[in-house]
Amino acid sequence: MESIVKKNFLSELQAIDWDFVGENTSHAGVGLHWYPARFVPQIPSNLIGYFSEKGDTVLDPFCGCGTTLLESFRLDRKPIGIDINPVAILITKAKLTNISIEQIKSFTAKTTSSIAQKLLTKGDITLRAVPNLEENSRWYHPETLAELASIYSVILDLDDNSPEKIIGKCCFSAILNRVCSQDRHFGWICDGVHPSELKYKKASEAFNEKLVQFTNFVGYFRQSLKATEPRVTSYGDIDIHQADSRALAKFVGDNKVDLVITSPPYLSVTDYNKSSRLTMLWFGPDKWEELKQSEIGARFKRARKGSLEDYIEDSRKYMTEFHRVLNNEKYLCMIIGQSSSHPAYVELLLNITQEIGFDRIQNIRRNISVKRRRLFPRVQTEEIIILRKRE
Ligand SMILES: C[S@@+](CC[C@H](N)C(=O)[O-])C[C@H]1O[C@@H](n2cnc3c(N)ncnc32)[C@H](O)[C@@H]1O
């Protein structure tokens, strides 16, 4: 898709059906690891096509599970991704790991057989190696935990920073919610509600299935690269950082970015770090409390006095950063959900963008999928807001 920024893009943008119901997303690794409020890949891919050229740098400073980065890479742009949540960074890195189909198939076969071997010789499985054992024991049946311990030890033995280790960690993290005994939806895990009864779930089977799913994704993604022939970025050149988007200076210089596409955390809708609590129990980090506090708009802060004011102040900080890193007359596309508790907050954010130095070009409203509406009933629609940096 070539850029048509200078042509009649406004009417074309309005003509797109932004709900994208039923479109194929197999190349985007959508179901590899659950993540709250992720993009439909067609949103960034269309925006990238309209508002940037091949070779341009595209930043997503709230990159979540990496949807914008995958689409930017595929469409021959240079992606940069930032997120405060280490699990978001793990998923994004895993999806963009440079691994061939042969390599991942051989890794899947070897790992599956080492885990089976460990499970046969049960004496090798030591729960003492499980980090946060007491807390982990409250989420999983002892046999499930023993299986998880054996998978974990196989992953720990892999070379640090090898593609296999990143993918192994991501697949392990991806099954934790599914094999824990809390059968209610993710909100219960997020809020730390332990299951009342521990039920055995087959962790090794779930992990093997996840590896196969990952292998299929690598195949689809590689196939989609053949169609778009990206040349400007190789896997090794992709910038992905765990950081706070209110302070980007260490990672992105002034006027270095040609397009920002992002969906900032909505106000009081979800808790990203708390949603990842089961992964954090295995892979850290130690400073989890600090991370939770740095999360913008987190739901757990909703009853605090001044939560709206804090959110607006945080938004001013990150938008000032977006303005600094963007080239003149380049675009900022933000996807923001409506909130029933603070119906006017999107308008407040837009006022800030104008004060900072963006012109408002267009708003497009889209419906959120039925599945997501069930999980987040207070957010039924979201706005795609197109802004341009004033010269
Ligand atoms: C709406 S989600 C983005 C989802 C993403 N578009 C995707 O497709 O997965 C918002 C993200 O903002 C991140 N976040 C919250 N506070 C942050 C901060 N201070 N700095 C950087 N990222 C933050 C959350 O961890 C979450 O991943």
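Between domain 1 and domain 2 there is 1 salt bridge. This count comes from a predicted model.

**The two domains**

The protein is divided into two parts: domain 1 covers 9-86 + 238-389, and domain 2 covers 101-219. In their contact, 23 residues come from domain 1 and 29 residues from domain 2. The C-alpha centres of domain 1 and domain 2 are 29 Å apart.

Together, domain 1 and domain 2 bury about 2,200 Å² between them, and carbon and sulfur atoms account for 70% of that area. On the side of domain 1, the residues that lose the most area to domain 2 are Leu-32, Leu-278 and Trp-282. These three residues together make up 39% of what the domain 1 side buries.

Polar contacts are also found here: 10 residue pairs, both members at pLDDT 80 or more, are in polar contact between domain 1 and domain 2.

A salt bridge joins Lys-274 and Asp-191, with 3.8 Å between the closest N and O atoms. Lys-274 falls within the 238-389 stretch of domain 1, and Asp-191 within the 101-219 stretch of domain 2.

**Aromatic rings**

Searching the whole structure gives 18 aromatic pairs. Tyr-50 and Phe-51 form an aromatic pair with 6.4 Å from centre to centre and 50° between the planes. The pair is tilted, because an angle that is neither under 30 degrees nor over 60 counts as tilted. Are these two residues buried or exposed? Both Tyr-50 and Phe-51 are buried.

Which residues form one aromatic cluster? The members are Phe-73, Phe-214, Phe-217, Phe-221 and Tyr-235. Of these, Phe-73 lies in the 9-86 stretch of domain 1, while Phe-214 and Phe-217 lie in domain 2, 101-219.

**Charges over rings**

Two residues with a charged end over an aromatic ring are listed below.

| Charged residue | Ring | Distance from charged end to ring centre |
|---|---|---|
| Lys-169 | Phe-283 | 4.9 Å |
| Arg-184 | Trp-188 | 4.1 Å |

Lys-169 belongs to the 101-219 range of domain 2 and Phe-283 to the 238-389 range of domain 1. Arg-184 and Trp-188 both fall in the 101-219 range of domain 2.

Methods: Residues are numbered from 1 along each chain as its sequence is written. This is a predicted model: local features need pLDDT of at least 70, side-chain atom pairs count only at pLDDT 80 or more; totals for chains, interfaces and linings use all residues. Side-chain values use heavy atoms; hydrogens and water are left out. Rings of Phe, Tyr and Trp (its six-membered ring) pair if their centres lie within 6.5 Å; planes under 30 degrees apart count as stacked, over 60 as edge-to-face and the rest as tilted. Buried means under 20% relative accessible area, exposed over 50%, partly exposed in between (1.4 Å probe, protein chains only). A charge sits over a ring if NZ of Lys or CZ of Arg is within 6 Å of the ring centre and within 35 degrees of the ring normal. Domain bounds come from an automatic or database domain assignment. Contact means heavy atoms within 4.5 Å. Buried area is the accessible area (1.4 Å probe) that two parts lose on being put together, summed over both. A salt bridge is a side-chain nitrogen of Lys or Arg within 4 Å of a carboxyl oxygen of Asp or Glu. A polar contact is a pair of N or O atoms within 3.5 Å; within protein, one must be able to donate a hydrogen and the other to accept it, and residues adjacent in sequence count only if both atoms are side-chain atoms.
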